[in-house]
Amino acid sequence: MTELISKTIAELRDGFRSGEFRAREIAESFNAAVAAARTLNAYTVETPEDARSAADAADKARGSGELLPLAGIPLGIKDLFATHGVDTTAGSRILKGFRPPYESTVSGNLRKAGAGMLGKLNMDEFAMGSSNETSTYGPVISPWRRKGSNVGLTPGGSSGGSACAVAAQIAPGATGTDTGGSIRQPAAFAGICGIKPTYGRCSRWGIVAFASSLDQAGPMAKSVRDCAILLEAMAGFDPKDSTSLDLPVPNWEASLSGDLRGKRVGIPKEYRIEGVPLEIDALWDRGIEWLKDAGATPVEISLPHTKYALPTYYIIAPAEASSNLARYDGVRYGLRVTGSDGLDGMYSATRSEGFGAEVKRRIMIGTYVLSAGFYDAYFTKAQKVRALIKRDFRKAFEQCDVILTPTAPSAAFGIGETTDPLAMYLNDVFAVPASLAGLPAMSVPGGVDDQGLPLGLHLIGKELDEQGVLNAGLAIEERAQFTARPEKWW
Amino acid sequence: MPVSPEQVRHIAKLARIRMSDEELDRLLPELNNILGWVEQLEEVDTDGVEPLTAVIDLKLRLRDDVVTEGNIRDEVLANAPEAQHGFFAVPKVIE
């Protein structure tokens, strides 16, 4: 059965349709692989029955003709998505035991498309982190290791469980969410693909809110094609999300093409930053050559406010988080800790024990920048710089069709190696600008470093041009020939 | 401008997070580090720039004021740490 778990979603779909294997065999192969990989700590809840019953429905439907787009495909779902009757905790102690009486729109869309669920995937608490170390369930351990080393590496974050699951072949694909790089950085660390669509493409309804003006769901999978397949099922207008885009979902998979003749690829000079390993710059140069080979013309562009993107993000995201996380008060769901002084004491005792250190840090920062006397100096200022960052991209896209950069400034690091919060934040230096501008962006594996760890290339597209991002991603995928896989040790 | 321990205590109170003195001592330099770093935004000339509140041009939709889902009180209360008589229960507020 190991050959089934190594297949892409497209291969599983086609093999199931042609009768080469049954959906039940796919589900059981993954269920067994999940159960055998608990060392990785990728899943917080396993739901083999769910995967099995969706598979049985697919097998039954195959006889009758009409098949749903994801019939026969089991997926991993990030713990940030509310799943009906299944624990949904956002990796936080404060949501312990929360079983939503509803399903998030995105996971519901995947179900409606025929997909089953293998389980819920571990993540940084409330999606705040770049290493999966802030989860109340403990860190996810990457299936990748440095050459000749047993040191446990992080899969990145916050969608670290999702990245780990796909790389370790304990899910053929998974949902992720991206507020400032949380799909793309872990995809790069794990040697897989991941796309964050344009803000508003995927409904935020039923996704535990972190920073609502930035949060977007997206797929993580082995290939660019698989990302297109999953995104088509996840995206779509939802009246329950006030910022959902009322637009038809394009046929991204059918329109995939690695032929980039006539396309201009922007290379932002501000992304050449000091302290980034030479291997990453070298990979970036190879990426430029690959896109040239696909017919595209590279052009140097300027995004002058790039260096201000991270500080802008670390005002806006904590501010929105401090507001969104005010709902965790020990009254309606999750943890309650009774304090000594009545209702107010219960609130502060519950929040003190329910939230981890990074979440508290961000709530404190957010509360401070929104507090009387500081609001304009921090929050309004950041919103203005955000407008300038968006304007930079608008101007750049007058000269180019898609932008190529590295995904992250390093390969995966060891668990416990990065303890300074600011150093951790720098992981998203290349990913955050596209988030602030609401643009579609994707990470595709480009190669490995001298330690044998994957490195990703990052494509940023115009608003609503997921197709342009996917196509450039495909052109890279076809040329990078990334075949490295983690050696199984778990 | 660095924040003082009193300010951090005040912010923690606003955020309803109980904080021990040791926790506060640990957090203070971290917050000052982060705030000092974000203050580099002061260099950026933002005169005449409108603050960006939404990344996509979108008119917020109004919906009809009707119940679309309901009558699931017990399902909702099933998640409450404490529920009584069909309500969320909290520690006594008025003596």
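**Two chains, helix by helix**

Hi everyone, let's start with a crossing: the axes of H10(A), residues 309-324 of chain A, and H12(A), residues 357-370, come within 7 Å and cross at roughly 95 degrees. Axes here are lines fitted to C-alpha atoms, for helices over the stretch in contact, and angles run from 0 to 180 degrees between N-to-C directions. H10(A) and H12(A) are therefore roughly perpendicular to each other; angles under 35 degrees count as roughly parallel, over 145 as roughly antiparallel, 65 to 115 as roughly perpendicular and the rest as oblique.

Before going on, please remember that this is a predicted model, where local features need pLDDT of at least 70, side-chain atom pairs count only at pLDDT 80 or more, and totals for chains, interfaces and linings use all residues. Residues are numbered from 1 along each chain as its sequence is written, while chains are lettered from A and ligands numbered from 1 in the order in which they are written. Helices (H or I, at least four residues) and strands (E, at least two) are DSSP runs, numbered from the N terminus.

Which residues of H10(A) make the contact with H12(A)? They are A:Ile315, A:Pro318, A:Ala319, A:Ala321 and A:Ser322, and their partners in H12(A) include A:Ile363, A:Gly366 and A:Leu370. Contact here means that the C-beta atoms of two residues, placed from the backbone, lie within 7 Å. The residues of this contact divide into eight nonpolar, three polar and one charged. For that count, Ala, Val, Leu, Ile, Met, Phe, Trp, Tyr, Cys and Pro are nonpolar, Asp, Glu, Lys and Arg are charged, and the others, Gly among them, are polar.

Now over to chain B, where H1(B), residues 5-14, and H2(B), residues 21-38, pack at an angle of about 100 degrees with their axes 10 Å apart. H1(B) and H2(B) are therefore roughly perpendicular to each other too. From H1(B), B:Pro5, B:Val8 and B:Arg9 meet B:Leu24, B:Leu27, B:Leu28 and B:Leu31 of H2(B). That set holds six nonpolar residues, no polar ones and one charged.

How do the two chains meet? The contact takes 53 residues from chain A and 44 from chain B. On the chain A side, H13(A) gives the most, with ten residues, and the whole side divides into 26 nonpolar, 17 polar and ten charged.

Let's go inside chain A. Is helix H6(A), residues 160-167, enclosed or open? Eight of its eight residues are buried, so H6(A) is largely enclosed by the rest of the structure. Buried means that 20 or more other C-beta atoms lie within 10 Å of a residue's own; 12 or fewer makes it exposed, and in between it is partly exposed, with C-beta atoms placed from the backbone. The buried residues of H6(A) pack against several elements, including strand E4 (173-178) and strand E6 (216-221) of chain A.

Strand E6(A) is similar: six of its six residues are buried, so E6(A) is largely enclosed by the rest of the structure. E4(A) pairs with E6(A) in the antiparallel sense over six bridges, where two strands pair if DSSP finds at least two bridges between them. One bridge joins A:Ala174 to A:Met220 of E6(A). Strand E5(A), residues 193-196, also pairs with E6(A) in the antiparallel sense, over two bridges, and A:Cys193 has A:Ala221 as its bridge partner.

Last stop: the largest nonpolar core has 164 residues, and A:Ala42, A:Val166 and A:Leu291 touch the most other members. Such a core is a set of buried Ala, Val, Leu, Ile, Met, Phe, Trp, Tyr and Cys residues joined through C-beta atoms within 7 Å. Our opening helix returns here, as H10(A) supplies the largest share of this core, nine residues. Thanks for listening!
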